[in-house]
Amino acid sequence: MYKKIKGTEDIYGKDIKYWYYIEKVARETVRLYGYHEIRTPIFEQTELFVRSVGKETDIVQKEMYTFEDKGGRSITLRPEGTAPTIRAFVENSMVATGLPKRLFYIGPMFRYERPQLGRQRQFHQFGIELIGSSSPLADTEVILIADKFMKKLGLVDYEIIINSLGCEKDRQEYKKALKEYYANILDKVCDDCKKRYNTNVLRLLDCKIDVNYAKNAPKITDFLCDDCRKHYQETKSILEELEIKYKEEPRLVRGLDYYNGVIFEIHHGKLGAQSAVGGGGRYDKLVKELGGPNTPSLGFAMGIERLIIALKNENVPIKEVKNNEIYVAHLGEKARVVALEISEELRENSISVVYNTMERGLSAQLKHAARLKCKLCIIVGENELERDVVVLRNLETGDQVEIERDFIAGTAKEWLSES
Ligand code: AMP
């Protein structure tokens with residue numbers, strides 16, 4: 001027997017309704033804001049991610065699924081959706097269709113991380129990108145959509161956390177101050193952070209082990225230039241006018257290097273260690289970095305598996321997918337094809353029908369119907385066929401009637417709406 005790869009999941013059965021639900025709410029939410037779907041390949045040139053996510057990030061250093069294909073090219077399974085979307089934006093000259101461009105994606109991502117609840121090696125993200133606006137109005141639109149999406153899902157126990165990473169110059173100053181701060185305590189931080197001190201000092205703020213040191217570290221908000229401060233201020237004041245609740249966290253940083261300016265995360269109260277359900281922010285230099293024109297942009301990504309945990313923990317009721325509504329049983333040679341015709345007629349009426357495709361007796365068919373949790377059963381027997389009737393049975397109550405062939409769909413619909 002083969003087993004699935006560590007850190008991956010088979011998604012089926014009771015969980016499927018959550019996937020349908022989240023994908024439907026995601027699509028419906030972003031449609032209302034004028035976003036269009038993009039589906040990029042799940043693998044790309046390795047260089048695309050190294051260049052955009054950043055050489056010194058955990059993703060590029062430790063987590064990418066990289067392999068050489070038979071043509072000797074270095075290929076990577078996408079660890080995130082922004083770089084491929086921007087690659088597609090540039091490659092397909094989407095700038096010609098006018099800016100800003102609003103895109104969204106839903107799909108699997110791959111990171112070689114240590115699996116635990118809410119952390120897998122194959123996981124799924126829903127994300128949006130608003131490409132081509134430097135205005136705080138764009139920042140607020142993206143945060144507004146994230147908030148609206150959470151609300152439409154029915155979640156309440158979440159918090160939006162925001163910060164500004166400023167521009168390149170601000171970060172240079174800030175990194176200097178961080179280095180001074182950490183220089184005195186470098187012997188106390190974890191081994192990974194000792195390395196990050198030289199390669200990516202911002203990441204020390206995000207260390208899950210050395211949380212206490214980060215608490216007293218300098219804040220980036222004290223290093224913002226006038227423009228970045230103004231942008232951040234305007235974003236916050238528009239959010240306030242829209243009554244979108246947020247919390248400022250001046251030591252929030254993100255795991256990907258392309259971010260600048262306003263960044264945010266959404267944390268859920270009942271997720272434990274992996275509390276971030278989503279995150280995003282500005283990446284004003286990325287389009288240019290990937291060969292396009294200077295195009296300030298931003299976006300977010302939400303983790304679908306974590307959203308499902310949140311929905312379950314908050315007991316949000318999710319409608320069952322309507323399936324196996326009616327079982328069509330048949331007895332005898334002549335009844336088989338008539339039963340199939342009846343099944344098709346019911347399906348034309350949008351009813352989910354399971355037709356017996358096995359050579360089974362009536363009691364075995366009824367048992368099967370019960371196991372499939374069908375609400376109704378239609379029994380097509382040779383004797384009844386002579387009178388042009390079938391039996392309709394409610395499998396929950398045991399009630400049954402004989403109905404004429406012409407009235408099957410109508411009566412079945414009525415019974416289904418009552419059950
Ligand atoms: P990131 O692209 O790292 O900003 O992640 C955005 C969101 O994707 C996170 O808030 C998580 O909800 C989700 N996510 C990231 N990595 C994983 C993972 N390994 N397993 C499950 N979900 C993840």
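Which residues do ring pairs link into a cluster? In this predicted model, the cluster takes in F126, F149, F264 and F300. The search behind that answer covered the whole structure and turned up eight aromatic pairs. One of them joins F126 to F300 in an edge-to-face arrangement, with 5.8 Å from centre to centre and 80 degrees between the planes. This pair ties together distant parts of the chain: F126 belongs to strand β6 (residues 122-131), F300 to strand β11 (residues 297-303), and 174 residues separate them. Both F126 and F300 are buried.

Y181 and Y182 make up another edge-to-face pair, this time with the ring centres 4.9 Å apart and the planes at 80 degrees. As for cover, Y182 has just 1% relative accessibility and so counts as buried. Y181 comes out at 21%, so it goes down as partly exposed, given that buried means under 20%.

Tyrosine rings also turn up with charged partners. R121 places its charged end over the ring of Y112, 3.8 Å from the ring centre. Over the face of Y197 lies K179, and here the distance to the ring centre is 5.3 Å.

Then there is the surface. I42, F43 and F67 come together there as a nonpolar patch, and their combined accessible area is about 260 Å². Of these patch members, F67 sits in strand β3, which covers residues 66-68. With a relative accessibility of 37%, F67 is classed as partly exposed.

Note on methods. Residues are numbered from 1 along each chain as its sequence is written. This is a predicted model: local features need pLDDT of at least 70, side-chain atom pairs count only at pLDDT 80 or more; totals for chains, interfaces and linings use all residues. Side-chain values use heavy atoms; hydrogens and water are left out. Patches are made of residues with over 30% relative accessible area and no salt bridge: like charges are joined within 9 Å, nonpolar side chains (Val, Leu, Ile, Met, Phe, Trp, Tyr) within 5 Å. Accessible areas come from the Shrake-Rupley method with a 1.4 Å probe; for residues, only the protein chains shown count as cover. A salt bridge is a side-chain nitrogen of Lys or Arg within 4 Å of a carboxyl oxygen of Asp or Glu. Helices (H or I, at least four residues) and strands (E, at least two) are DSSP runs, numbered from the N terminus. Buried means under 20% relative accessible area, exposed over 50%, partly exposed in between (1.4 Å probe, protein chains only). Rings of Phe, Tyr and Trp (its six-membered ring) pair if their centres lie within 6.5 Å; planes under 30 degrees apart count as stacked, over 60 as edge-to-face and the rest as tilted. A charge sits over a ring if NZ of Lys or CZ of Arg is within 6 Å of the ring centre and within 35 degrees of the ring normal.
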